[in-house]
Amino acid sequence: MNIDVFLTQFQAKGLETCFHDRHINPQIYAGLNGVNWSLKDYEARGGYQALRKVLGIGSGTPMTQDEVIAVVKESGLRGRGGAGFPTGLKWSFMPRQFPGQKYLVCNSDEGEPGTCKDRDILQHNPHIVIEGMAIAAYAMSISVGYNYIHGEIFQTYERFEAAMDEARAAGYLGDRILGSDFNFQLHAAHGFGAYICGEETGLLESLEGKKGQPRFKPPFPASFGLYGKPTTINNTETFAAVPWIIRNGGQAYLECGKPNNGGTKIFSISGDVERPGNYEIPMGTPFAKLLELAGGVRGGRALKAVIPGGSSSPVIPAELMMSLTMDYDSIAKEGGSMLGSGAVIVMDDTRCMVKSLQRLSYFYQHESCGQCTPCREGTGWLWRMVDRIENGQGRPRDLDMLDSVAGNIMGRTICALGDAAAMPVRGMLKHFRHEFEHHITHKTCMVGAYV
């Protein structure tokens, strides 16, 4: 078996992940079937009408840049990459009167464990990202953009390149777009699969051809970004939400979700569920409903815990999680965790929390770029201590030491990877300390065989 044939065994085709007719009022996934990704298909679904509206094509009256930003602000759209920062507000930071070159960057370096939404958007609806980026570029007077695509999805990178070729040929990209005075050149950049390049300044370093290591902030990318020029960076899903907002209005988008959490959100639900995959649902939908859409807990077993926003967000016990809604404020204020990228990892009652944390801690110590001492050394300490506990060699003082090391990593690194490694540790100890104590005392797992 050659390598190409071997790798096809592991390639997701989207059939299992997003074409299941269990979305609720989808906006990004609406009308997709896995083969209708091309320009003519996208135009048949109303594609590029938002760009035409912004440029005044057909109406004769283009929207001003302030009007576009105001609509996005009104929508309540928040960054879908993890931070949840208001998108319209971020766009307003760009110095539009800056006399030199400015850049727009799409962060498609999807490396958070449990997350697979951006890949499906780029693979099955690439033009919605192109249109969203073009509208954003217009709003901020930007003429050059890049889409930095994760290095391990080369087939998706090729799909996006093909979509850009179609858009250029049709006049949606390039000089004098659709006969207007607006110019926007868009390029794709292929990453190398490093988790740290998902951090926006590490991404910029990689895009410049350097080692992907985060920069000190300030200065922030809005003033000193790609090649030292003002730069705005948004996630793939964030740009994909923009065309619907422009076509239907900011208020309509806000009403799809809840106050301060507008629109729909794609959740990648995995772990112990019957139907793992991507689910586009309105922000504020109860977690219980999302779990129902995913077929419930696998095998009818009891829900034990949920990691709500990718592996870097603290775990939430089942009883508390079942009372929450899927939006930034509910998960943060009531659940004590983060919505993050929307990667929902479901864990049933067969899951050993020590074993789970061991795997998470190994990932973060492996992906640390090594630039900051607390992260470079601390992530290794965390993994080694958890590994020792899992293998029956733990000591009673290890738990306080774990919490202390995690606390001394948080807030002491250039980027958030240190926090991402520390928060799962502190969350597990907060809610499931008794399992760690049992491992240390009895040298066995209290939940029996790990399935």
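**Two sheets, a pocket and a ring pair**

Hi everyone! Let's begin with a sheet: four strands make up an open, parallel sheet, and their order is 3-2-1-4. Before we go on, please keep in mind that this is a predicted model.

Which strands sit at the edges here? They are strand 3 and strand 4, and each of them pairs on one side only. From one strand to the next, the twist averages 20°.

Now look at strand 1 and strand 4, which are paired in the parallel sense through five bridges. If you want one bridge to find on screen, take Asn107, whose partner in strand 4 is Asn235. Two helices are worth pointing out as well. Helix 8 packs on this sheet and touches strand 2 (144-149) and strand 3, with its direction at about 170° to that of strand 3. Helix 10, residues 236-248, lies across strand 1 and strand 4 and runs at about 90° to strand 4.

Let's move to another sheet. This one is open too, with five strands in the order 6-5-11-8-9, and its pairing is mixed. Strand 6 (277-282) and strand 9 (316-317) are at the edges with a single partner strand each, so one side of each has no neighbour in the sheet. Strand 5, residues 264-271, is antiparallel to strand 6, and six bridges join the two. Thr264, for example, is opposite Pro282 in strand 6. Helix 6 packs on the sheet here: it touches strand 5 and strand 6, and its direction makes about 120° with that of strand 5.

Next, the largest pocket, with a volume of about 1300 Å³. It is lined by 45 residues, and the closest to its centre are Gly81, Gly82, Ala83, Gly198 and Glu199. Some elements we have already met come back: strand 1 (103-108), helix 6 (117-124) and strand 4 (231-235) are among those that give two or more residues to the lining. Which element gives the most? That is strand 4, with five residues. By class, the lining has 17 nonpolar, 17 polar and 11 charged residues.

Last stop: aromatic rings. The count comes to 13 aromatic pairs. Why is the pair of Tyr48 and Tyr172 stacked? Their planes are at 5°, with the ring centres 3.8 Å apart, so the pair counts as stacked; the cut-off is planes under 30 degrees apart. This pair links distant parts of the chain, 124 residues apart. Tyr48 is in the loop between helix 2 and helix 3, while Tyr172 is in the loop between helix 8 and strand 3.

Thanks for listening!

Terms used
Residues numbered from 1 in each chain as written. Predicted model: local features only at pLDDT ≥ 70, side-chain atom pairs only at ≥ 80, totals over all residues. Heavy atoms only, no water. 1 Å grid on protein atoms, 1.4 Å probe; cavity = no way out; pocket = protein on both sides within 12 Å on 5 of 7 lines; lining within 4 Å. Points joined across faces, edges and corners; volume = space filled by probe spheres on them. Nonpolar A, V, L, I, M, F, W, Y, C, P; charged D, E, K, R; others polar. Pairing = 2+ DSSP bridges. Contact = heavy atoms within 4.5 Å. Axes fitted to C-alpha atoms, helices over the stretch in contact; angles between N-to-C directions. Phe/Tyr/Trp six-rings, centres within 6.5 Å; stacked < 30°, edge-to-face > 60°.
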